[in-house]
Amino acid sequence: MATMTATPASRSGLVLSVNAGSSSLKISLYRLKSLSTPSTSSLTSEPVELLLVSSINDISNPHASFSFTLVAHENGKEAKKESVDSIHDHASAFTHFLEYLKREASIDKSQIVHVCHRVVHGGDYFEPVVITKESYEHIERLTDLAPLHNGAALSVIHACLRALPEANSIAYFDTSFHRSILPYIASYAIDQEIAKERGLKKYGFHGLSYAYIHRAVSVHLQKDPSSVNILVLHLGSGASVCAIRDGKSLDTSMGLTPVTGLPGATRSGVVDPSLIFHYTNRAGRMSHNKQQAVDVHVTHAEEILNKQSGWKAITGTTDFGEIVKEMKAVEEKGKRNEEVAEDEEKWKLAFDLFVDRICDFVGAYYLKLRGQVDAVVFSGGIGEKSVELREDVVDRMGCLGFVLDKEKNRAVAEQKGEVVEVGKESQGRKRVLVCRTDEQLEMARECALEEKFWSK
Ligand SMILES: Nc1ncnc2c1ncn2[C@@H]1O[C@H](COP(=O)(O)OP(=O)(O)O)[C@@H](O)[C@H]1O
Ligand SMILES: CC(=O)OP(=O)(O)O
Ligand SMILES: [Mg+2]
């Protein structure tokens, strides 16, 4: 993490934060604020001010959706949304954003001093690094360990170096937050010599999101960040759980790669490692998979488990919102005593399976935290938006003392702020929170506070 120093008034410039997720590209542009006093206790005293935000979702689908919002627009907030056929991967999404920026915002891109890139796998790099030939090649070598992510991030870095040659590109790693995981938790029960030689251990991901959530929840709970114990569910296209003890990652559900742990939009999550050899007799063959800027060398097994599994494999869609909608429609049919076709059971299967796997980790991590849990926190696209999923998960947590306030849970979308309370108010209550995570802000903030990036 960056050291906590105030940004002196003399510094100026814009910071662009780019978050290449598996199904999305989220981009935010910030102006540096000058702070008179350093602050660790309030999100309102962030060292950066948001100017605009853009998001491209469903990137691999034929009609990616693009949105662009000028937050600090002189006429107030202005959002534009469109479906774009020319976007087919992360690099073309970034190019579309740059064209839009030029056309729609009166922002001179030469003002962009730093571009922060979320890079999912950093291996043994824990600190943010400026992109050089050496650091680029380090990230490239890890591409096969994050097949849906590192290649996509590199393709954006590539596009960025071309389009913004004056700006400094800096990589921020998801894995950094999990460096605190103790060796006996991060190790797999395999030959330790081979494990060490090849770096085969749990790295964990979604770290920028967990860092942001930890900070936001500490402020919300008015607790010293170093004493906060929380159980966080980051549920998006990629989904993971993290147990945070004394402000640090104690354990997380993803591992050597982001494929394990919870299932996701196209990922299997935990399966018996032998399963793949019964699923296909071509498991070890290389899968020919070309990405724009970088080749990803994965086996057919990895292709199946990363890209042909998860919600997509069970239901045909990667959209969890659609899964919930269809499941409820089938439930209504059942209530009306109408016949439910066998194929319609897939919606509930996907939903129940996800809730079941979430419970696997929540139960285990509650125990690892020895029951000392300040709050359970929902985040990520599904965690922040799915009323039904939160309801079902917290219902199962009743035996641990967590109780949902159903009205508050339904009203989350109408509430402002980073953190929303959805637990029932009672004496000795255990808190249930929704946190609107912001990986872009986490990077921009770290960048603004890092002395070495601003000294001439
Ligand atoms: N209203 C909703 N209900 C349930 N799930 C939703 C809803 N809206 C979006 N989602 C889910 O959130 C996912 C995106 O999560 P997000 O964290 O933004 O993505 P990424 O993992 O690419 O960063 C979508 O794929 C969709 O499944
Ligand atoms: C690590 C990971 O799965 O990220 P995302 O959810 O953004 O795809
Ligand atoms: Mg994400």
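Here are three short exercises on a predicted model, each with a worked solution.

**Exercise 1: The whole chain**

Work out whether the radius of gyration of the chain agrees with that of a compact globule.

*Solution.* Start with the length: the chain has 456 residues, and a compact globule of that length would have a radius of gyration near 23 Å. Next, take the value for this chain, 22 Å, which agrees. You can then add some detail to the picture. The C-alpha atoms fill a box of roughly 65 × 60 × 50 Å along the principal axes, and 43% of the residues are buried. The fold is built with 15 helices and 16 strands.

**Exercise 2: One helix and its buried side**

Find which residues of helix α13 are buried, and explain why they lie on the same side of the helix.

*Solution.* First, go through residues 387-396, which form α13: Leu 389, Arg 390, Val 393 and Val 394 are buried. These residues cover an arc of only 120° around the axis, so they sit on the same side of α13. Lastly, look for what covers them: the elements include the helices α11 (346-368), α12 (380-385) and α14 (406-410), along with the strands β14 (375-379) and β16 (431-435).

**Exercise 3: Around the ligand**

Describe the shell of residues around ligand 1, and say which helix gives the most to it.

*Solution.* Begin with the 18 residues around ligand 1, of which Gly 21, Gly 236, Phe 320, Gly 321 and Gly 381 come nearest. Now sort the shell by type: four residues are nonpolar, 12 polar and two charged. Then turn to the helices. Both α10 (320-335) and α12 supply at least two residues, and α12 gives the most, with four.

Definitions and conventions. Residues numbered from 1 in each chain as written. Chains lettered and ligands numbered in written order. Predicted model: local features only at pLDDT ≥ 70, side-chain atom pairs only at ≥ 80, totals over all residues. Buried ≥ 20, exposed ≤ 12 C-beta atoms within 10 Å, placed from the backbone. Arc of directions from axis to C-beta. Contact = placed C-beta atoms within 7 Å. Rg over C-alpha atoms; globule rule 2.2 N^0.38 Å. Near = placed C-beta within 6 Å. Nonpolar A, V, L, I, M, F, W, Y, C, P; charged D, E, K, R; others polar.
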